[in-house]
Every structure is written in structure tokens, then in C-alpha cells.
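Biologist: Before we chat about this one, could you put the sequence and the structure up? I'd like to ask what lies behind the labels.

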Amino acid sequence: MSKILVKQNIVQKLQELKSQSIFYFFIDLNKIPTKSLNSLRQEIKKNGGKLIVSKRTLLQKAGLLPPKSKFSSPIAVVFVNEDDNKILTIINQFQEKNASEKLANYIFGFYNQKQLSAEFLKELGSLPTKKDLIVKIVFSLKYLLTRLVIILNSPILRFLILINKIYSSKTNKS
């Protein structure tokens, strides 16, 4: 297979990933050891995303990067297939774990053709995930409903206790 066909296949694959993903963003790969990059890639894949390392020219031809983008270090694109921030949380945890080396910094991202800044991506990754928020809401509702049931049952229980006392006092007098 010629180099041109290989590159065309890569561009086509990148375009397909772009169309299938909800949003995508770029990270800086400068000084990331291969072992760390592979573990990060596997973690992202487990959580419904895909980390791709490709040449800038191919990313530009696929329409992922603006035409005259220049970067001083290698970059990777991360495609996110779920409407959740857990992949951003994974990147944030990786950054915190390697804080002394400042690895895997966000560059920018895209959501519905709107460019997202690196700061926004970092903030979004620090928020609780969708699943965590749903769990918190369910537990809050469960607690409130339990309290409501107890409050509504309380007068009935008191009434039953009162009737029982009245009944027992009348049976004791007789």
C-alpha cells in the first residue's frame, strides 16, 4: 500500500472518529514516557474514549486542527463518545500524579464546532461526573422521601397509641 493511501485512510479514520464523538480535545505529549502514555490510553479507552497520536498535517487535513496551527511539542487528540466528563477527570488525575513534570497539559478542544480553552477543560474535568451527580440526587431524594413518610406516619402512630391507651384504660376500669 502506498504512503498516500495509508495517509488517506488515517485522515478518513480521524474524520469518522470526529463525526462519532461528542467532543474532542488535544493534549501535549511532551516528555510523557511510552509506558505512561499506554496506560493513559487504556484508561481512556475503558471509559468510552479514544486517544490518537497523529501527525499535525493529517489532523489538519481531517479538519480537526485549524489550518495554520503550530505546536512546539507532539500532540494527541482525545475523542470522547459519551456526554460525561470522566475522561477529563482521568486526564486531570494523570496531571496531578505527574505534577512535577507537568505532563499531558490540555491545549484546547472542540464541542459543537466551538473551541474550548485549556482552562475550561481543566475546570470541567474537576467537576463530579454525571454518574456521581445522579447518585447524589438519588440519595438526596431517598432521604427526603423517607423523612416525608416518617412525618406523615407520625400523627397516625400517635393516634393509634392514644386509642390503644384509651382502650387499655377502659378495659382496666371494667
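Modeller: Sure. Let's start with a cut-off: buried means under 20% relative accessible area, exposed means over 50%, and partly exposed is in between. Bear in mind that this is a predicted model.

Biologist: Okay, so why is E82 called partly exposed?

Modeller: Its relative accessible area is 33%. That value falls between 20% and 50%, so E82 counts as partly exposed.

Biologist: What makes E82 and K86 a salt bridge?

Modeller: Their side chains meet at 3.0 Å, N to O. The cut-off is a Lys or Arg side-chain nitrogen within 4 Å of an Asp or Glu carboxyl oxygen, so the pair qualifies. As for K86, its relative accessibility is 24%, so K86 is partly exposed too.

Biologist: How many salt bridges does a search of the whole structure find?

Modeller: It finds 2. Besides E82–K86, there's E43 with K46, at 3.8 Å from N to O. That is also within 4 Å, so the label holds.

Biologist: What separates E43 and K46 along the helix?

Modeller: About one helical turn, because they are 3 residues apart in helix α2, which covers residues 34–46.

Biologist: And why is K46 called exposed, but E43 partly exposed?

Modeller: K46 has 68% relative accessibility, which is over 50%, so K46 is exposed. E43 has 33%, so E43 lands in the in-between class.

Biologist: What makes K7 eligible for the positive surface patch?

Modeller: The patch is formed by K3, K7, K55 and K61, and K7 lies in helix α1, residues 3–20. Patch residues need over 30% relative accessible area; K7 has 41%, so K7 clears that bar while counting as partly exposed.

Biologist: How do you know that L144 belongs on a surface patch?

Modeller: L144 sits in helix α6, residues 130–173. Its relative accessible area is 54%, over the 30% cut-off and over 50% as well, so L144 is exposed. The nonpolar patch covers about 750 Å², with I137, L141, Y143, L145, L148 and L152 also in it.

Biologist: Last one: why are β4 and β5 called paired?

Modeller: Pairing takes at least two bridges, and these strands have 4, so they pair, in the antiparallel sense. One of the links is F108 with S117 in β5. The two strands form a hairpin with 2 residues between them, and N112 in the turn has a positive phi of about 50°.

Technical notes:
Residues numbered from 1 in each chain as written. Predicted model: local features only at pLDDT ≥ 70, side-chain atom pairs only at ≥ 80, totals over all residues. Heavy atoms only, no water. Patch = residues over 30% accessible without salt bridge, like charges linked within 9 Å, V, L, I, M, F, W, Y side chains within 5 Å. Areas by Shrake-Rupley, 256 points an atom, 1.4 Å probe, with all protein chains shown as cover. Lys, Arg positive; Asp, Glu negative; His and termini not counted. Charge placed at Lys NZ, Arg CZ, Asp CG, Glu CD. Buried < 20%, exposed > 50% of the residue type's maximum accessible area, 1.4 Å probe, protein only.
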